[in-house]
Amino acid sequence: MQGLSPTSAGVAFLARPGRPAVVARSLAELTGPSQGLVELPVRLMWNTERTFDLGDPDDLLWMYENVLRETTRCEDLRQLINGRTLRLVWRRLNLPRGVRQAWESRHRSLRTA
């Protein structure tokens, strides 16, 4: 299963200037943890404090925001993001406009989440 970059569909949604947002093909493929401690790789979080407690709502939001904004790999999405949890917290995530548009364009259910 590969994820999509919206640029492959001819529409560029950017996570930041020069970096297309990466979007999973389906929310069902996002099988990351929904509890416990998660340490992000340096490529996703440059801070020395890269461990997040998913039981802490603020930690969970901060981790999801970083992964969705910084990833260039669909595998990161599958390993670190949980589709069910993503639906639950979607409206509370502070995301760049391009990331939000890319995900909502591919996954219409997030628009009403």
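Q: At the start of helix 1, to within what distance of the backbone nitrogen of aspartate 58 does a side-chain oxygen of aspartate 56 reach?
A: This is a predicted model, in which local features need pLDDT of at least 70 and side-chain atom pairs count only at pLDDT 80 or more, while totals for chains, interfaces and linings use all residues. Residues are numbered from 1 along each chain as its sequence is written, and side-chain values use heavy atoms, with hydrogens and water left out. Helices (H or I, at least four residues) are DSSP runs numbered from the N terminus, as are strands (E, at least two). At the start of helix 1, the side-chain oxygen of aspartate 56 comes to the backbone nitrogen of aspartate 58 within 2.9 Å.

Q: What span should helix 1 have, and how far apart are its end C-alpha atoms?
A: Helix 1 covers residues 57–70, which makes 14 residues. The expected span is 1.5 Å times one less than the number of residues. For helix 1 this gives 20 Å, in agreement with the separation of its end C-alpha atoms, 20 Å.

Q: Is helix 1 largely enclosed by the rest of the structure or largely open, and how many of its residues are buried?
A: A residue is buried under 20% relative accessible area, exposed over 50% and partly exposed in between (1.4 Å probe, protein chains only). Among the buried residues of helix 1 are Leu60, Leu61, Met63 and Tyr64. Helix 1 is therefore largely enclosed by the rest of the structure, the number of its buried residues being 10 of the 14.

Q: Which residue forms a salt bridge with glutamate 70 at 3.0 Å?
A: A salt bridge places a side-chain nitrogen of Lys or Arg within 4 Å of a carboxyl oxygen of Asp or Glu, and the whole structure holds nine. Glutamate 70 is buried because its relative accessibility is 4%. Its partner is also buried, at a relative accessible area of 19%. The closest N and O atoms of the pair are 3.0 Å apart, and that partner is arginine 69.

Q: In helix 2, which residue joins arginine 78 in a salt bridge?
A: Arginine 78 is buried, at a relative accessible area of 15%. The partner counts as partly exposed, since its relative accessibility is 37%. The two lie three residues apart in helix 2 (residues 74–80), about one helical turn. The N to O distance is 3.0 Å, and the partner is glutamate 75.

Q: What is the N to O distance between arginine 100 and glutamate 104, and which residues make up the network of salt bridges that share partners?
A: Arginine 100 and glutamate 104 are four residues apart in helix 4 (residues 97–106), about one turn. An α-helix has 3.6 residues a turn, so residues three or four places apart point the same way. The side chains of arginine 100 and glutamate 104 form a salt bridge with an N to O distance of 4.0 Å, and both are buried, arginine 100 at 16% and glutamate 104 at 14%. Elsewhere, salt bridges that share partners form one network of Arg16, Arg19, Arg69 and Glu70.

Q: Beyond its neighbours within four places in sequence, which residues does aspartate 76 contact?
A: Aspartate 76 lies in helix 2 and is buried, with a relative accessible area of 3%. Contact means heavy atoms within 4.5 Å. With neighbours within four places left aside, the contacts of aspartate 76 are Arg43, Leu44, Thr71 and Ile81.

Q: Which helix gives the largest share of the largest nonpolar core?
A: A nonpolar core is a set of buried Ala, Val, Leu, Ile, Met, Phe, Trp, Tyr and Cys residues joined through side-chain atoms within 4.5 Å. The largest has 33 residues, and those with the most contacts inside it include Met63, Leu68 and Trp103. Helix 1, helix 2, helix 3 (83–89) and helix 4 each give two or more residues to this core. The largest share is six residues, and the helix that supplies them is helix 1.

Key: Polar contact = N/O pair within 3.5 Å; in protein donor to acceptor, adjacent residues only side chain to side chain.
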